[in-house]
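New notebook page, new structure. I'm jotting down what I look up as I go, in whatever order my curiosity takes me.

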Amino acid sequence: MRPRTEDVVENGFSDHVLVCTNARDSEYACCAEAYGDEVYEAVKSWLRERDVFWSRVHVVETSCLGLCSAEGTAIAIHPRNRWYSDVLPEDVPELLEDEFGADASQLGE
């Protein structure tokens with residue numbers, strides 16, 4: 001095991017956007033069937049348009065975040081401790097603008 005907290009902080013990392021793209025063969029809803037991949041791509045596009053993709057904010061696909069819904073995808077933003085469900089691709093710009101500012105200038109706040 002190798003602790004890396006100092007490295008991450010030193011490189012200016014401030015926010016982590018987790019997007020559920022979990023798929024499962026079940027009668028229960030899963031984000032893969034509720035636009036998970038599309039939401040993930042929309043998050044990356046929004047950040048790229050502001051030139052902050054893989055800068056101070058990192059984006060990852062996750063398995064289940066425990067907010068399953070057939071209405072949309074689950075997103076968590078840390079360390080802000082923000083949790084969202086039912087996110088559709090068209091919701092991403094407003095969600096990220098509310099969290100990070102229109103020009104993504106509020107990273108790390």
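**Entry 1: a residue in a strand**

I started with Ala74. Leaving out residues up to four places away in sequence, I find Ala74 touching Leu18, Val19, Cys20, Cys31, Leu65, Leu67, Tyr84 and Ser85. Ala74 sits in strand β3. Buried or exposed? Ala74 is buried, with a relative accessible area of 1%. I also checked a distance: the C-alpha atoms of Ala74 and Tyr35 are 9.8 Å from each other, with their positions 39 residues apart along the chain.

**Entry 2: can I trust it?**

A reminder to myself that this is a predicted model. Mean pLDDT for the chain comes to 92, and 100% of the residues reach 70 or more. Where is confidence lowest? That would be helix α1, residues 5-10, at a mean of 84. Helix α3, residues 92-100, has the highest mean, 97.

**Entry 3: the overall layout**

I went through the secondary structure and got three helices and four strands. Read from the N terminus, the order is α-β-α-β-β-β-α. Along the principal axes, the C-alpha atoms fill a box of roughly 45 × 40 × 20 Å. Then I looked at the radius of gyration: the chain has 14 Å, and a compact globule of 109 residues would be near 13 Å, so the two agree. Of the 109 residues, 39% count as buried. I looked at contacts between residues at least 6 apart in sequence, and 62% of them join residues at least 24 apart.

**Entry 4: the cores**

Nonpolar side chains tend to be buried together in soluble globular proteins, so I went looking for cores. The largest nonpolar core has 21 residues, and Val17, Val43 and Phe100 touch the most other members. Which elements each supply at least two residues of this core? They are β1 (15-20), α2 (36-49), β2 (57-62), β3 (73-78) and α3. The biggest giver is α2, with six residues. Apart from this core lies another one, of six residues, including Leu18, Cys20, Cys31 and my Ala74 from the first entry.

I followed up on Phe100. Not counting residues up to four places away in sequence, Phe100 touches Asp15, Val17, Trp46, Val57, Ile77, Arg80, Ser105, Gln106 and Leu107.

**Entry 5: two charged names, both buried**

Arg80 turned up in that list, so I looked it up next. Arg80 is in the loop between β3 and β4 (82-87). It counts as buried because its relative accessibility is 16%, under the 20% cut-off. Which side chain does the side chain of Arg80 make a polar contact with? The partner is Asp15, at 2.7 Å. Beyond its neighbours within four places in sequence, Arg80 is in contact with Asp15, Glu99, Phe100, Gln106, Leu107, Gly108 and Glu109. The C-alpha atoms of Arg80 and Ser14 are separated by 9.6 Å, although the two are 66 residues apart along the chain.

Lys44 was my other pick, in helix α2. Lys44 counts as buried too, at 12% relative accessibility. Neighbours within four places aside, Lys44 is in contact with Phe53 and Val59.

**Entry 6: any disulfides?**

How many disulfides are there? The count comes to zero. I wanted to know why. The closest cysteine sulfur to that of Cys31 is in Cys20, 3.5 Å away, which is too far for a bond, since a disulfide needs the sulfur atoms within 2.5 Å. Cys31 is buried, at 3% relative accessibility. For Cys68 the closest cysteine sulfur is in Cys64, at 3.5 Å, and that is too far for a bond as well. Cys68 is partly exposed, with a relative accessible area of 37%.

**Entry 7: backbone oddities**

I noted a cis peptide bond joining His78 and Pro79, with omega about 10°. Pro79 is in the loop between β3 and β4.

Next, positive phi values outside glycine. Asp51 has one, about 60°, and lies in the loop between α2 and β2. Ala104 has a positive phi near 60°, and its place is in the segment after α3. Which is buried and which is exposed? Asp51 counts as exposed, at 70% relative accessibility, whereas Ala104 is buried, with a relative accessible area of 6%.

Notes
Residues numbered from 1 in each chain as written. Predicted model: local features only at pLDDT ≥ 70, side-chain atom pairs only at ≥ 80, totals over all residues. Heavy atoms only, no water. pLDDT = per-residue confidence, 0-100. Buried < 20%, exposed > 50% of the residue type's maximum accessible area, 1.4 Å probe, protein only. Core = buried A, V, L, I, M, F, W, Y, C linked by side-chain atoms within 4.5 Å. Contact = heavy atoms within 4.5 Å. Polar contact = N/O pair within 3.5 Å; in protein donor to acceptor, adjacent residues only side chain to side chain. Rg over C-alpha atoms; globule rule 2.2 N^0.38 Å.
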